[in-house]
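Reader: Before I rely on any description of this protein, I would like to hear what stands behind the words used for it.

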Amino acid sequence: MTKTTPPVICLDGPSGVGKGTICLAVAKKLGWHILDSGSLYRITALQVSRDFPDQPVDSLDTAKLAEIAKNLNVTYEENNGELAILLDGEDITQQIRNEQIGAKASQIAAIPEVREALLARQRAFLVAPGLVADGRDMGTVVFPQAVLKIYLTATPQERAQRRYKQLKEKGIDANLSALVEELRLRDDRDMNRKTAPLKPASDAIIIDTSSLNIEQVTNKVMQLVSQRVV
Ligand code: C5P
């Protein structure tokens, strides 16, 4: 890394902890770019379900999956802090947000060849004036040189409750105990995989968001940014 490499802030943590929302808010305040790394695993999952409908991930060839990840024709359109994701020109922003794709993404994300295939694409997001990156391994693997690494956590019950509220507000029927169970399963898979497991980087600052709202978490992150970054 040279001195002229733009700065990167990493926000890692488990599913449903609010990383995406905080990432957008912080990037907007700083006027920096964002990387929603989970979306790359979700888009890969979507493409895999299109190419191999109804086939379980563990029945598929890992080299083939890595090839799909490497060749995704994806573009991100950032407009005033809002993000639109296009796959082969089709807007798939909403399509990748369901729990089925999330679960498939976490299975695909456990495959080392897929992670390797997405590495260069993630690093290419780091351009001036800077990047706020959210995911599971931003601080541990993708951007070990980051100026600030934050690990957000909250209990599975609290994360499920937030998700439940979001779904209800959208008029979508949801079952709270099923959401807790889905989160536990995804945490378990993300934390216990061999390659790039979800864990705080040794130099990460941990923020427990269980009793904080979005504004309070954003303010805490911005305090750290002003102490350490800008
Ligand atoms: O963050 P999001 O829920 O969109 O991520 C979907 C899945 O992609 C996660 O459950 C995780 O398995 C995987 N992921 C990952 N590494 C990242 C981001 C996401 O393994 N940096």
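The exchange below takes up the terms one by one.

Author: This is a predicted model, in which local features need pLDDT of at least 70 and side-chain atom pairs count only at pLDDT 80 or more, while totals for chains, interfaces and linings use all residues. Residues are numbered from 1 along each chain as its sequence is written, and side-chain values use heavy atoms, with hydrogens and water left out.

Reader: Why is A133 called buried?

Author: Buried means under 20% relative accessible area, whereas exposed means over 50% and partly exposed lies in between, with a 1.4 Å probe and protein chains only. A133 has a relative accessible area of 0%, and is therefore buried.

Reader: Which residues is A133 in contact with, leaving aside its neighbours within four places in sequence?

Author: Contact means heavy atoms within 4.5 Å, and with those neighbours left aside A133 is in contact with V8, I9, C10, L11, C23, L35, M138 and F143. A133 itself is found in strand 6 (residues 131-135), where helices (H or I, at least four residues) and strands (E, at least two) are DSSP runs numbered from the N terminus.

Reader: Why are the buried residues of helix 3 said to line one face of the helix?

Author: The buried residues in helix 3 (residues 62-70) are L65, A66, I68 and A69. Seen down the helix axis, they fall within an arc of 155 degrees, so they line one face of helix 3; the arc is that of the directions from the helix axis to the C-beta atoms. These buried residues pack against helix 2 and helix 5 (112-123).

Reader: What makes the pairing of D190 with the ligand a polar contact?

Author: A polar contact is a pair of N or O atoms within 3.5 Å; within protein, one must be able to donate a hydrogen and the other to accept it, and residues adjacent in sequence count only if both atoms are side-chain atoms. A polar side-chain atom of D190 lies 2.6 Å from an oxygen atom of the ligand, and one of R115 lies 2.7 Å from a ligand oxygen atom, while for S37 an N or O atom of the side chain is 2.9 Å from a ligand nitrogen atom. The protein covers 96% of the 450 Å² of accessible area that the ligand has on its own, by the Shrake-Rupley method with a 1.4 Å probe, where for residues only the protein chains shown count as cover.

Reader: Which helix supplies the largest share of the shell around the ligand?

Author: Helix 2 does, with four residues.
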